[in-house]
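Let's take a friendly walk through a protein model, looking at its rings and its pockets. Keep the picture at hand as you read.

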Amino acid sequence: MENRSLEQKYNKLIIAVSILIPVFVAILFGVKLKDFGFNVEPLSFLPPIYATTNGITALLLIAGVVAIKNGKRKLHERFLTAAIALSVAFLVMYVAYHMTSDSTKFGGEGAIRYVYFFILVTHIVLSIVIIPMVLITYVRALGQAFDKHKKIAKITFPIWLYVAVTGVVVYLMISPYYVY
């Protein structure tokens, strides 16, 4: 019963965070600090850093699955906690970049343009979907409801991995069009 109450305790917070983060990011995405009189240089060095952060997140997710399959629960916990921390760091860098820089337009033509936008749209949509899934999965582990944790983790993992990997792919596809 304690596990259920822990999960219930965090449900409202999970819902709030899952709504507020995408709304906050969407609002800040459109905010340019220069429009408010702040004379800031574009943080053009951030995209390769936050793309690398996504890549490391993907590796941590895989390492976490390998660890738990080998019965190393504490190592699994460390890998997944680090993946969450890197996802938060990515988000901060992503917002900071877009608050100081104009969005880069993809310059590819033909079929690759459709491929790029498919990957980008699925990445964005799933990055929103994954927020409550990661939080629920994490809270279930904290509450030691490992049967429920494992059940949702089997869905959370591939989606989160897709988001992390496609973050790198989107960066690699758009990087030739960045203006430094």
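## A pair of rings near the chain's later part

Start with tyrosine 177, which is partly exposed because its relative accessibility is 33%. Keep in mind that this is a predicted model. Which residue forms an aromatic pair with tyrosine 177? The partner is phenylalanine 106, and the two rings meet edge-to-face, 5.3 Å centre to centre with 70° between the planes. Phenylalanine 106 is buried, with a relative accessible area of 9%.

Now find both residues in the picture. Phenylalanine 106 belongs to the loop between α3 and α4, while tyrosine 177 belongs to the segment after α5, so their pairing ties together parts that are 71 residues apart in sequence.

## More aromatic company

Another edge-to-face pair joins tyrosine 116 and phenylalanine 117, at 5.0 Å centre to centre and 75° between the planes. Is tyrosine 116 buried or exposed? Tyrosine 116 is buried, with a relative accessible area of 4%, whereas phenylalanine 117 is partly exposed at 34%.

How many aromatic pairs does a search of the whole structure find? The count is 9. There is also an aromatic cluster, made of Phe29, Tyr50, Phe90, Tyr94 and Tyr97.

## Charges over rings

Phe29, one member of that cluster, has a charged visitor too. The charged end of lysine 32 sits over the ring of phenylalanine 29, and its distance from the ring centre is 5.9 Å.

A second example involves arginine 73, which lies over the face of phenylalanine 146, 3.9 Å from the centre of the ring.

## The largest pocket

Rolling a probe the size of a water molecule over the atoms shows where empty space is left. In this model the largest pocket holds about 1200 Å³ of space. Its lining is made by 42 residues, and those nearest the centre are Phe90, Leu91, Tyr94, His123 and Ser127. Two of these names, Phe90 and Tyr94, also appear in the aromatic cluster.

Which elements give two or more residues to this lining? They are α1 (2-29), α2 (46-69), α3 (73-100), α4 (111-142) and α5 (146-174). The most comes from α4, with 12 residues. Sorted by class, the lining of the largest pocket has 31 nonpolar, 9 polar and 2 charged residues.

## The second largest pocket

The second largest pocket holds about 830 Å³ of space. It is lined by 26 residues, and Ile68, His76, His149, Lys150 and Ala153 are the closest to its centre. The elements giving two or more residues to this lining are α2, α3, α4 and α5.

Which element gives the largest share of the lining here? That is α5, with 8 residues. By class, the lining of the second largest pocket has 13 nonpolar, 7 polar and 6 charged residues.

## An unusual backbone angle

Finally, look at the loop between α4 and α5, where glutamine 144 is found. Most residues other than glycine have a negative phi. Glutamine 144 is not a glycine, yet its phi is positive, at about 60°.

Is glutamine 144 buried or exposed? Glutamine 144 counts as exposed because its relative accessibility is 57%, and the cut-off for that class is over 50%.

Note on methods. Residues are numbered from 1 along each chain as its sequence is written. This is a predicted model: local features need pLDDT of at least 70, side-chain atom pairs count only at pLDDT 80 or more; totals for chains, interfaces and linings use all residues. Side-chain values use heavy atoms; hydrogens and water are left out. On a 1 Å grid over the protein atoms alone, a cavity is a set of points where a 1.4 Å probe fits but cannot get out, and a pocket is an open set with protein on both sides within 12 Å along at least five of seven lines; lining residues have an atom within 4 Å of a point. Grid points are joined across faces, edges and corners, and a volume is the space filled by probe spheres set on the points. Helices (H or I, at least four residues) and strands (E, at least two) are DSSP runs, numbered from the N terminus. Ala, Val, Leu, Ile, Met, Phe, Trp, Tyr, Cys and Pro count as nonpolar, Asp, Glu, Lys and Arg as charged, and the others, Gly among them, as polar. Buried means under 20% relative accessible area, exposed over 50%, partly exposed in between (1.4 Å probe, protein chains only). Rings of Phe, Tyr and Trp (its six-membered ring) pair if their centres lie within 6.5 Å; planes under 30 degrees apart count as stacked, over 60 as edge-to-face and the rest as tilted. A charge sits over a ring if NZ of Lys or CZ of Arg is within 6 Å of the ring centre and within 35 degrees of the ring normal.
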